[in-house]
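Subject: Structure handover and notes

Hello,

Please find the structure below, with the sequence. My notes come after it.

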Amino acid sequence: MDIITSMVAEKPVVIFSKSTCCLSHSMKSLIRSFGANPTVYELDEITNGQQIEGALIQMGCQPSVPAVFIGQQFIGGSKRIMSLHVRNQLVPLLINARAIWI
């Protein structure tokens, strides 16, 4: 998990994704739609992607992608992010993490 901690350090929003995953694409689009600029790691395109995916699964990410971190905290996958969005709780998280300004 140290690898994950170092990858999300000092970044307001991080999305672990796969370039072929439609849910990952949707999460990136949703978060960008609020004006945030997430750091995105495409696990199928980086050299240690399988190692990172294993670490995400150990953290409880099921499925492993998309995995969204806001303010260095693991928030969840697509279901959790959509749930927060529907309840108008996603934007406040992004603001608190200084990912967006309103």
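The notes below cover the cores, one helix, the salt bridges and the backbone.

This is a predicted model, in which local features need pLDDT of at least 70 and side-chain atom pairs count only at pLDDT 80 or more, while totals for chains, interfaces and linings use all residues. Residues are numbered from 1 along each chain as its sequence is written, and side-chain values use heavy atoms, with hydrogens and water left out.

Terms first. Helices (H or I, at least four residues) and strands (E, at least two) are DSSP runs, numbered from the N terminus. Buried stands for under 20% relative accessible area, exposed for over 50%, and partly exposed for what is in between (1.4 Å probe, protein chains only). Contact means heavy atoms within 4.5 Å.

Cores

In soluble globular proteins, nonpolar side chains tend to be buried together. A nonpolar core is here a set of buried Ala, Val, Leu, Ile, Met, Phe, Trp, Tyr and Cys residues joined through side-chain atoms within 4.5 Å. The largest one has 16 residues, and Val 13, Ile 31, Val 68, Ile 70, Ile 81, Leu 90 and Leu 94 have the most contacts inside it. Two or more residues each come from strand 1 (13–17), helix 2, strand 3 (67–70), helix 4 (78–86) and helix 5 (90–96). Helix 2 gives the largest share, three residues. Another core, of 15 residues, lies apart from this one; Val 14, Phe 16, Ile 52 and Ala 67 are among its members.

Ile 31 belongs to helix 2 and is buried, at a relative accessible area of 0%. Residues up to four places away in sequence aside, Ile 31 touches Val 13, Ile 15, Ala 36, Pro 38, Val 68 and Leu 94. Leu 90 is 59 residues from Ile 31 along the chain, yet their C-alpha atoms are separated by 8.8 Å. Cys 22 is also in helix 2 (residues 22–33), but Cys 22 counts as exposed because its relative accessibility is 59%. The C-alpha atoms of Cys 22 and Gly 71 are 24 Å apart, with the two positions 49 residues apart in sequence numbering.

Helix 4

Which residues of helix 4 are buried? They include Ser 78, Ile 81 and Leu 84. These lie on the same side of helix 4 because they cover an arc of only 130° around the axis (the arc being that of the directions from the helix axis to the C-beta atoms). An α-helix has 3.6 residues a turn, so residues three or four places apart point the same way. Lys 79 and Val 86, on the other side of helix 4, are exposed. The cover over the buried residues of helix 4 includes helix 2, strand 3, strand 4 (73–76) and helix 5.

Neighbours within four places in sequence aside, Ile 81 is in contact with Met 27, Leu 30, Val 68, Ile 75, Gly 76 and Leu 90. On the same basis, Ser 78 touches Leu 23, Met 27 and Pro 66. Ser 78 counts as buried because its relative accessibility is 14%.

Salt bridges

Side chains of opposite charge can pair when their charged atoms come close. A salt bridge is counted when a side-chain nitrogen of Lys or Arg is within 4 Å of a carboxyl oxygen of Asp or Glu. The whole structure has two.

Glu 53 and Lys 18 form a salt bridge at 3.0 Å, N to O. Glu 53 is in helix 3 (residues 49–58) and Lys 18 in the loop between strand 1 and helix 2, 35 residues apart. Glu 53 is buried at 18% relative accessible area, whereas Lys 18 is partly exposed at 23%.

Lys 28 and Glu 42 form a salt bridge in which the closest N and O atoms are 2.6 Å apart. The pair links helix 2, which holds Lys 28, to strand 2 (residues 39–42), which holds Glu 42, across 14 residues. Both Lys 28 and Glu 42 are buried.

Backbone

The peptide bond between Gln 62 and Pro 63 is cis, with omega about -5°, and the bond from Val 65 to Pro 66 is cis with omega near -5°. Pro 63 is in the loop between helix 3 and strand 3, as is Pro 66.

Glu 10, not a glycine, has a positive phi near 60°. Glu 10 is in the loop between helix 1 (2–8) and strand 1 and is exposed at 77% relative accessibility. Asn 88 also has a positive phi, about 60°, without being a glycine. Asn 88 is in the loop between helix 4 and helix 5, and its relative accessible area of 62% makes it exposed.

Regards
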